[in-house]
Amino acid sequence: MKTATPSLTTSETFSVVSDLFSQAITGELIGMSNFASLAETIDDYEEKMEAVEHADSERSHAEGFLHFAKEAGLQVNINLEGEYWRSVREQFLAYAGKRDFIACLFIQEVILESFAVSMYTDVGDALGGEAGKLFRSIAEEEKEHLDHSTEILREELRKDATAFVDKIEEVHFNCMTILAQFSATTDLRGHCGVCHGSCMKADLHHVGLDSATMRGNALALYARALDNIGIPGEKSMVWIAQLPA
Amino acid sequence: MDRPASRLDFAVIGHQDSWANIHTFVNRIRTPEQGTLSVEKVKAIFPFIPARDLFRVTVTSRTGDTIKGVYIDTFIEPDKLGVTNLRTNLRKVEDAIAFAKKLEAPIVALGGFTSIFLEGELSPYASSNTRFTTGNTLTSAFIVKGVEQAAVENQLDLRSASVLIIGATGDIGRACVGYFQSRVNNLLLCARNKRRLERLAGEVKAGGGRCTSAIELSTLLPRADVIICVASSSNLALAGVKPEAIICDAGYPKNLFRDAADRPGFLFHGGMGQVEGGYRFEPDYTDSFYQYPAPDIIHGCILEAMVLAFEKRFENYSSGRGNITVEKVEEIYRLSLKHGIALAPFFNDNGLCPTRPKVSSI
Ligand SMILES: NC(=O)C1=CN([C@@H]2O[C@H](COP(=O)(O)OP(=O)(O)OC[C@H]3O[C@@H](n4cnc5c(N)ncnc54)[C@H](OP(=O)(O)O)[C@@H]3O)[C@@H](O)[C@H]2O)C=CC1
Ligand SMILES: [Fe+2]
Ligand SMILES: [Fe+2]
């Protein structure tokens, strides 16, 4: 059994770290499925190949986390049907069904990757050791996904700013609302179906984390991502202020 | 950055001075279906938001010219302006400055706490076309002209008055010292750092002015006919003040206790101007944000950037500490009046100050 992460020594930390891995693996599998579905929405064969490649990259992230969790003897619970992850996936599929590539890209590479990059970085810094290294290195790779989409979305904004901002606003409220409910200090839509027992959020302090800071950092990165795409601040301010909390 | 916004004439960087204001602002944005958020929930989100433009501002000059700008908030927490949070706050100001540069604003006012950046080192800004101003020169102008006006309304002859300046060694404080040293009977100077205070008092005396300085405010308060509050501290108490004293609180956040407005005498919030041609926010948050008891009132520091934008004088007009001369105070005040930007009517926490009867019965 791997013992490189000193924080796994008590039952509380064992449980929290197990939950952190469960959430990460579930999220990666959702990402993998989303990219696979995204490939369907694209006509250009090169972009299709790129989407499949991305799906494979998310698969390898899931595999990396799974492998580590097994080695460390963590109790992992993967559940793609959990309340929040399932809802996010449904939102994605609804846009994929309409072959709305831009909306799909925004959900997967801006909304989900902002949360992944920020939360993996926070978790990585808090856990330290081998587990920390793993979270941080995957955060780095996710950041590339985020940067990649920014280019495409900027281009889209250049073509028709008003239509683009309207579309992004709609996708924001459809999808970001779910993540805001999920990441609120208390789950706003009930149990996530991934964590053991009650939600891990109350126990994050055992590994030096707190849910409010993690959520705040994720929202901050998301806001910066919106800035980089070129969404006016007066819009993003309203979008963030109107989220459930 | 590729933005749907049109060309900007100016930008303002600022921060909010109370959680109550932020709470109102956030809930004003939310719809009834989204429900209101408690102060605690607002506090859990607001400080994380990176600097961004909250609304556009259009200002009209008396000359008929119109300029367009944006307000960029730093999301600095109003109760964390002290030294313990200096690093975090400086990073937030830096973020806001980068944001203003991305928007290619030609002139930017650094309001309230954020002016700390310009009061120090200027070189980080040399790299872009954006120019910055603390706005402290026009703020100083509105303070000194306001005090003169209040003295007239209250039949106080400044030439025989003792004028106390709290925060005398600061940028605005020194501008006030420079302006009043030859115009009043006696200056009373207060700040916490004794060495700097004594050096300033020495300069005033060397220039032929009469002054007393003390780090203990309480020893100066009973002697003052006029009190100008330009300190970077809040909740200062006014024990022992003459009942008829004229008090100008120009702090942001306010220097004095909230209940100071209930004391006798004449207290007004100084450093404020009013735009004759009016200003407009888009989106229009004026029903919950930046509310004053009379229309079109704005802080002097913000107005300075607007005046410079009207004049197309894109320069670091107010920067460093202690560089504000009487000539510059007069210059920016004159330019301000040219565009219909004048002293705001006197007001405090209780609303507009009642005008005193001109003939005293005493
Ligand atoms: N109305 C407007 O438009 C504007 C208002 N302002 C406000 O004006 C005030 C002054 O600004 P600025 O001159 O740039 O600030 P500075 O930092 O340059 O000066 C602050 C002064 O206050 C003194 N001070 C701080 N705390 C105390 C205290 N408890 N008792 C006595 N003196 C004190 C400082 O000296 P020491 O540290 O030695 O005590 C220093 O002399 C601030 O509140 C600022 O936010 C600024 C710009 C525009
Ligand atoms: Fe991934
Ligand atoms: Fe990814």
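**Exercise 1.** How much area do chain B and chain A bury between them, and what share of it is on carbon and sulfur atoms?

*Solution.* The model is a predicted one. The size of an interface is often given as the accessible area lost when the parts come together. For chain B and chain A this area is about 2300 Å², and 58% of it is on carbon and sulfur atoms. Chain B supplies 29 residues to the contact and chain A supplies 30 residues. The rule finds three salt bridges across this interface. A salt bridge also joins the side chains of Arg52(B) and Asp227(A), at 2.8 Å from N to O.

**Exercise 2.** Classify the packing of α1(A) and α4(A) by angle, then describe the contact.

*Solution.* Step one: α1 (residues 11-41) and α4 (residues 101-127) of chain A pack at about 160 degrees, with axes 11 Å apart. Step two: angles over 145 degrees count as roughly antiparallel, so α1(A) is roughly antiparallel to α4(A). Step three: their crossing is left-handed. The contact of α1(A) with α4(A) comprises 12 nonpolar, four polar and two charged residues. Among them are Leu20(A), Ala24(A) and Phe35(A) in α1(A), and Leu105(A), Leu112(A) and Tyr120(A) in α4(A).

**Exercise 3.** Repeat the classification for α1(A) and α5(A).

*Solution.* Step one: α1(A) packs with α5 (residues 129-159) of chain A at about 25 degrees, the axes being 13 Å apart. Step two: the cut-off for roughly parallel is under 35 degrees, so these helices are roughly parallel. Step three: the crossing of α1(A) and α5(A) is left-handed. Residues making the contact include Phe21(A) and Glu28(A) of α1(A), with Phe135(A) and His145(A) of α5(A). By class, eight residues of this contact are nonpolar, one is polar and two are charged.

Notes. Residues numbered from 1 in each chain as written. Chains lettered and ligands numbered in written order. Predicted model: local features only at pLDDT ≥ 70, side-chain atom pairs only at ≥ 80, totals over all residues. Heavy atoms only, no water. Axes fitted to C-alpha atoms, helices over the stretch in contact; angles between N-to-C directions. Helix = DSSP H or I, 4+ residues; strand = E, 2+ residues; numbered from the N terminus. Parallel < 35°, antiparallel > 145°, perpendicular 65-115°, else oblique. Left-handed = near helix turned anticlockwise from the far one by under 90°. Contact = heavy atoms within 4.5 Å. Nonpolar A, V, L, I, M, F, W, Y, C, P; charged D, E, K, R; others polar. Buried area = accessible area lost by both parts, 1.4 Å probe. Salt bridge = Lys/Arg side-chain N within 4 Å of Asp/Glu carboxyl O.
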